[in-house]
Amino acid sequence: MKPPKKSELRRLAVSLRVPPGSTVRLPGDRDPGHASPGITEAQAVEALAETARLLADYQSRLAAQDEFGVAVVIQGLDASGKDGAIKNVMSGVNPAGVNVHSFKVPSAEELSHDYLWRYAQKLPRRGEIAIFNRSHYEEVLVVRVHPELLVKQHLPAAARGHDVWKRRFHEINEWERYLNDNGIKVVKIFLNLSKDEQRRRFLDRIDHPAKNWKFSAADVRERQSWDDYQAAFSEVLSNTSTAWAPWYVVPADHKWFARLAVAAIVIDELARIDPKFPTVSKETADALKAARDALVAEGPVTPPVADTKKHHGKGHGKHL
Ligand code: AMP
Ligand code: MG
């Protein structure tokens with residue numbers, strides 16, 4: 001298979017975007033079992049190698065340009081493949097330029113601040129990609145499904161009234177607009193898993209000792225709130241997909257498709273920024289030339305010590 005073109009990755013990304021102002025009703029509106037017609041699992045796995053190359057290239061330019069930061073928000077129910085998708089995006093990029101932040105049940109310290117505080121602290125700096133494994137959206141998902149969590153936030157009455165979710169959608173949209181206006185892009189991905197596939201993955205985690213660590217009894221308790229989560233996600237997608245920070249709904253039942261889609265979305269965002277290596281100023285170019293002249297004046301340049309790999313021929317070392 002030919003490597004995927006940027007235009008194909010863009011088409012895939014755009015096909016998964018939630019148009020701002022549209023209404024999404026889960027589970028009916030978006031099929032978790034969807035995969036692009038005409039692409040097989042084997043082809044997707046091959047394409048992933050190419051997406052890793054593209055990501056690495058864009059990331060080094062993003063870092064060199066030092067102007068924009070990118071926050072990639074990954075949301076999804078337990079076993080939807082958040083960790084696997086993140087691992088895949090990370091493969092191939094320079095770890096110095098990417099940070100992953102996993103948000104768990106908030107600590108007492110975090111609860112004593114405003115609800116966006118802990119997420120704001122983990123935002124990417126310019127030139128950096130930050131991946132949020134769960135995010136500020138938990139504040140309108142798990143906290144909405146379990147209202148007792150809202151009580152723990154010690155909010156003044158006006159901030160926890162009947163319109164609290166509407167207010168939070170508005171506040172989150174405005175926060176993301178502010179970030180976007182200041183060079184921090186927010187890309188939001190929802191891994192849309194079916195209830196059947198979640199059951200299959202839970203059973204797999206229980207039946208394989210090596211996967212037991214991934215399973216917690218709390219996951220099965222959360223599964224009982226499946227319908228409430230579908231409703232909460234529907235509200236999030238319908239109210240917080242904006243021109244400046246759109247949501248993407250990634251069908252998650254096929255892991256190979258989900259991983260390709262996540263890579264395509266992140267690449268497309270980077271392609272829109274189109275970061276460039278800074279051009280060298282006249283002064284810098286002159287300084288480089290002077291340094292070069294001085295090095296050359298030291299005498300003849302001897303060849304480097306032989307690189308052993310080159311002498312072992314093919315089949316030595318993995319293709320990376
Ligand atoms: P996991 O991602 O499986 O490690 O689990 C993290 C847990 O933390 C999940 O059950 C989330 O729902 C929970 N969590 C994350 N953010 C919040 C939050 N803001 N309030 C309450 N629970 C949260
Ligand atoms: Mg979990």
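Let me begin with a definition: a polar contact is a pair of N or O atoms within 3.5 Å, where within protein one atom must be able to donate a hydrogen and the other to accept it, and residues adjacent in sequence count only if both atoms are side-chain atoms. Here is a case. The side chain of Arg201 has a polar atom 3.1 Å from the backbone oxygen of Asp253.

Before I continue, two remarks on the source. This is a predicted model, in which local features need pLDDT of at least 70 and side-chain atom pairs count only at pLDDT 80 or more, while totals for chains, interfaces and linings use all residues. Residues are numbered from 1 along each chain as its sequence is written, chains are lettered from A and ligands numbered from 1 in the order in which they are written, and side-chain values use heavy atoms, with hydrogens and water left out.

I turn to the protein as a whole. Its secondary structure comes to 13 helices and five strands. Helices (H or I, at least four residues) and strands (E, at least two) are DSSP runs, numbered from the N terminus. The C-alpha trace spans about 80 × 45 × 35 Å along its principal axes. Of the 320 residues, 45% count as buried. Buried means under 20% relative accessible area, exposed means over 50%, and partly exposed lies in between, with a 1.4 Å probe and protein chains only. Among contacts between residues at least 6 apart in sequence, 82% join residues at least 24 apart; a contact means heavy atoms within 4.5 Å.

Next, the sheet. In what order do the five strands of the open sheet stand? The order is β2-β3-β1-β4-β5, and the pairing is parallel. Two strands pair if DSSP finds at least two bridges between them. At the edges are β2, residues 98-102, and β5, residues 247-251, each of which pairs on one side only. Neighbouring strands are turned by 20° against each other on average, with direction ignored. Such angles run from 0 to 180 degrees between N-to-C directions, and the axes are lines fitted to C-alpha atoms, for helices over the stretch in contact.

Helix α12, residues 255-273, packs on this sheet and touches β1, β3, β4 and β5, and its direction makes about 165° with that of β4. Of its 19 residues, 15 are buried. The helix also has the length one would expect, because 19 residues at 1.5 Å a residue should span 27 Å and the end C-alpha atoms are 27 Å apart. The expected span is 1.5 Å times one less than the number of residues. After α12 comes Asp274, whose phi is positive, near 50°.

Let us look at two of the strand pairs. Strand β1, residues 69-76, is joined to β3, residues 129-133, by five bridges, and one of the partnerships is that of Val70 with Ile129. Five bridges also join β4 to β5; there, Lys188 has Trp247 as its bridge partner.

Is β5, at the edge, covered or open on its faces? Both faces are covered: Trp247, Val249 and Pro251 are buried on one side, and Tyr248 and Val250 on the other. In general, the side chains of a regular strand alternate between the two faces of the sheet.

One residue in contact with β5 is Leu16, which touches Trp247, Tyr248, Val249, Val250 and Pro251, as well as Arg30, Ala261 and Ile265, leaving aside neighbours within four places in sequence. Leu16 belongs to helix α1 and counts as buried because its relative accessible area is 5%. Leu16 and Ala261 are 245 residues apart along the chain, yet their C-alpha atoms are separated by 8.4 Å.

Pro19 lies in the loop between α1 and α2. With a relative accessible area of 45%, Pro19 is partly exposed. Its C-alpha atom is 9.5 Å from that of Leu237, 218 residues away in sequence.

I now return to Arg201, which is found in helix α9, residues 195-207. Its relative accessible area is 8%, and therefore Arg201 is buried. Its contacts, not counting residues up to four places away in sequence, include Ala79, Ser80, Gly81, Leu193 and Asp253.

Finally, ligand 1. Which residues come nearest to ligand 1? Of the 13 around it, they are Lys104, Val105, Arg118, Arg134 and Glu139; a residue is near a molecule if one of its heavy atoms lies within 4 Å of it. A polar side-chain atom of Glu139 is 2.9 Å from a nitrogen atom of the ligand. For Arg118, the distance from a side-chain N or O atom to a ligand nitrogen is 3.1 Å, and for a polar side-chain atom of Tyr119 it is 3.3 Å.
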